[in-house]
Amino acid sequence: MNEHEQKTLADLLKRSVGPVNGELNRDLWPQMLRRFEERDKRQWFIAMSSVPWFDWALLAVLILGVAAFPRAIPIWLYHL
Amino acid sequence: MEWREQPTEVQEQFAAGELEAFETLFRQFQADVYGWIVRIVRDPAAAEDLTVETFWRIYRARARFNPGRSFGAWARRIATNVALDYLKSARMREQPLDENLAAGSALKTGDGNPAIRREMRERTQLAFRQLPAKLRVVATLALIEERPHSEIADALNISTAAVKARLFRAVRLLRRKLGNLDMSHE
């Protein structure tokens with residue numbers, strides 16, 4: 001393949017594929033920030049899902065206990 | 001294509017994980033990265049997403065960045081890889097090559113018939129899109145964008161000889177796919 005053939009093919013490609021505007025017309029930083037926010041949400045979810053089920057069970061017992069015996073709250077606070 | 005470099009101090013802050021330094025570099029280089037990517041993928045909407053993806057990868061790889069080296073060259077290398085990944089996935093999504101178009105009955109580009117010229121353009125576009133991603137990147141940058149081989153080699157992190165070899169293979173594949181296309185009268 002000689003240089004002439006390569007140049008002819010390049011000309012053909014330029015005409016067929018066409019030029020492209022390489023100018024960026026808007027700031028992409030807001031999109032980048034959204035990407036960070038998505039990551040933060042995902043990390044929060046991962047952190048929550050890594051808590052053992054037994055800890056969630058203890059929390060549930062505590063909430064139910066408070067709801068069932070609200071008068072016991074000062075006693076629990078006293079012992080904390 | 002000369003990319004404006006930042007003072008080393010900002011690059012050091014970025015490597016240490018400071019978001020403000022990253023924002024400074026992002027604002028400084030986003031247009032350059034976009035311009036480089038859009039020339040490879042030739043789709044402005046996709047290039048915007050890929051620019052953000054490039055900076056995302058840059059941010060995640062900040063610990064590996066050497067502040068004493070060029071941020072622009074590093075960013076361009078990552079951008080090229082991101083564009084290459086996009087072309088690979090896009091190629092897999094595309095329809096298989098139309099055998100009628102690919103078979104390549106002889107067409108003369110010098111023919112004045114607009115229908116034949118249009119068909120030839122379509123065949124060229126199709127043959128170009130069907131190139132393997134690695135060859136397509138080199139063909140785009142070398143033949144269409146006329147970038148120096150050394151610049152392409154740096155962006156792809158390969159040798160200049162490898163760029164020439166890929167270009168040779170791309171041209172040979174294109175000619176094979178375009179069949180007996182007579183381009184001598186163009």
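In the predicted model, B:Asn157 lies in the loop that separates α8 (149-156) from α9 (160-177) of chain B. The phi angle of B:Asn157 is near 60 degrees, a positive value in a residue other than glycine, and B:Asn157 is exposed, with 11 other C-beta atoms within 10 Å. Most residues other than glycine have a negative phi. A second residue of chain B with a positive phi is B:Arg42, for which the angle is likewise near 60 degrees; B:Arg42 is found in the loop between α2 and α3 of chain B. B:Arg42 has 18 other C-beta atoms within 10 Å and is therefore partly exposed, since a residue counts as buried at 20 or more such atoms and as exposed at 12 or fewer.

The two helices joined by the loop that holds B:Arg42 also pack against each other: α2 (residues 19-41) and α3 (residues 44-60) of chain B meet at an angle of about 135 degrees, with their axes 8 Å apart. α2(B) and α3(B) are therefore oblique to each other, and their crossing is right-handed. On the side of α2(B), the contact is formed by B:Phe22, B:Phe26, B:Gln30, B:Val33, B:Tyr34, B:Ile37, B:Val38 and B:Val41, which face a set of residues in α3(B) that includes B:Pro44, B:Leu50, B:Phe55 and B:Tyr59. By class, the residues of this contact comprise 13 nonpolar, three polar and one charged.

α2(B) is also packed against helix α1 (residues 8-15) of chain B, at an angle of about 125 degrees and with the axes 7 Å apart, which makes α1(B) oblique to α2(B). Here the crossing is left-handed. The contact involves B:Val10, B:Gln13 and B:Phe14 of α1(B) together with B:Ala21, B:Phe22, B:Thr24 and B:Leu25 of α2(B), and the contact of α1(B) with α2(B) has five nonpolar, two polar and no charged residues. B:Phe22 thus takes part in the contact with α1(B) as well as in that with α3(B).

Between the chains, 30 residues of chain B are in contact with 21 residues of chain A. The elements that give two or more residues to the side of chain B that touches chain A are α2, α3, α6 (114-129), α7 (133-144) and α9 of chain B, and α2(B) gives the most, with nine residues. The residues on this side of chain B divide into 15 nonpolar, six polar and nine charged.

Terms used:
Residues are numbered from 1 along each chain as its sequence is written. Chains are lettered from A and ligands numbered from 1 in the order in which they are written. This is a predicted model: local features need pLDDT of at least 70, side-chain atom pairs count only at pLDDT 80 or more; totals for chains, interfaces and linings use all residues. Axes are lines fitted to C-alpha atoms, for helices over the stretch in contact, and angles run from 0 to 180 degrees between N-to-C directions. Helices (H or I, at least four residues) and strands (E, at least two) are DSSP runs, numbered from the N terminus. Angles under 35 degrees count as roughly parallel, over 145 as roughly antiparallel, 65 to 115 as roughly perpendicular and the rest as oblique. A crossing is left-handed if the near helix is turned anticlockwise from the far one by less than a right angle, and right-handed if clockwise. Two residues are in contact if their C-beta atoms, placed from the backbone, lie within 7 Å. Ala, Val, Leu, Ile, Met, Phe, Trp, Tyr, Cys and Pro count as nonpolar, Asp, Glu, Lys and Arg as charged, and the others, Gly among them, as polar.
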